[in-house]
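Please walk through this structure with the text beside it. Keep the sequence and the 3D view at hand.

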Amino acid sequence: QVQLVESGGGLVQPGGSLRLSCAASTNIFSFSRMGWYRQAPGKQREVVAQMSRDGSTNYATSVKGRFTISGDGAKNTVDLQMDSLKPEDTAVYYCYAVDNGSNAVNYWGQGTQVTVSS
């Protein structure tokens, strides 16, 4: 059973930075893609960043230029570096993974809270 475990959330002031990490129980390059989505109260779930097995990345318009997704095959982790954080980035962030040949998310983590507030 594949497990994804997030870490690194917390409270940060506007303009600050946080780095989230997602540790997978298997080789991250066995998935077709991995990424992060967030869910804020009263808002729709939003995919903020995604990384494909070929290394290509995609970002939501709302975080482009501020967030960076990266993978480490040796550690089987996918990190999300978040800079210039804004209060509207406050949400629970979830790591997810998609199997080869799948069009839907197959695995996701338990989530980590990110709060941006002064």
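What follows is a tour of a predicted model, from its strands to its core, its rings and its disulfide.

Start with strand β5, residues 46-52. Is this strand enclosed or open? Of its 7 residues, 5 are buried, so the rest of the structure largely encloses β5. The cut-off matters here: a residue is called buried when its relative accessible area is under 20%.

Now look at the partners of β5. Strand β4, residues 31-39, runs antiparallel to β5, and 6 bridges join the two. One position to find is R33, whose bridge partner in β5 is S52. The two strands form a hairpin, with 6 residues between them. In that turn, G42 has a positive phi of about 75°.

Next comes strand β6, residues 57-59. β5 and β6 are also paired in the antiparallel sense, over 3 bridges. Here Q50 has N58 as its bridge partner in β6. These strands make a hairpin too, with 4 residues between them. G55 takes a positive phi in this hairpin, near 95°.

Stay with β4 for a moment and pick out S32, which lies in this strand. S32 counts as buried, at 19% relative accessibility. That value falls under the 20% limit. Beyond residues up to four places away in sequence, S32 touches M51, S52, R53, V98, D99 and N100.

Turn to the interior. In soluble globular proteins, nonpolar side chains tend to be buried together. The largest nonpolar core in this model has 28 residues. Which of them touch the most other members? They are M34, W36, L80, M82 and Y93. Several elements give two or more residues to this core: β3 (18-24), β4, β5, β7 (67-72), β8 (77-82), β9 (91-99) and β11 (112-116).

M34 is worth a closer look. Setting aside neighbours within four places in sequence, M34 is in contact with L4, C22, I28, Q50, M51, I69, V78, C95, Y96 and A97. Q50 on this list is the residue bridged to N58. Two cysteines also appear there, C22 and C95.

Those cysteines form a disulfide. C22 is joined to C95, with an S to S distance of 2.1 Å. The count for the structure is 1 disulfide. This link ties distant parts of the chain: C22 sits in strand β3 and C95 in strand β9, 73 residues apart. Is the disulfide left-handed or right-handed? The torsion about the S-S bond is about -75°, so the disulfide is left-handed. C22 is buried, with a relative accessible area of 0%. C95 is buried as well, with a value of 0%.

The aromatic rings come last. A pair of aromatic rings is described by the distance of the centres and the angle of the planes. The whole structure holds 3 aromatic pairs. Among them is the pair of Y37 and Y94, which is stacked. Their centres lie 5.1 Å apart, with 20° between the planes. This pair also links distant parts of the chain: Y37 is in strand β4 and Y94 in strand β9, 57 residues apart. Y37, Y94 and Y96 form one aromatic cluster.

What sits over the ring of Y37? It is the charged end of R45, 4.8 Å from the ring centre. Y37 itself counts as buried, at 10% relative accessibility.

Technical notes. Residues numbered from 1 in each chain as written. Predicted model: local features only at pLDDT ≥ 70, side-chain atom pairs only at ≥ 80, totals over all residues. Heavy atoms only, no water. Buried < 20%, exposed > 50% of the residue type's maximum accessible area, 1.4 Å probe, protein only. Pairing = 2+ DSSP bridges. Core = buried A, V, L, I, M, F, W, Y, C linked by side-chain atoms within 4.5 Å. Contact = heavy atoms within 4.5 Å. Phe/Tyr/Trp six-rings, centres within 6.5 Å; stacked < 30°, edge-to-face > 60°. Lys NZ or Arg CZ within 6 Å of the ring centre and 35° of its normal. Disulfide = S-S within 2.5 Å.
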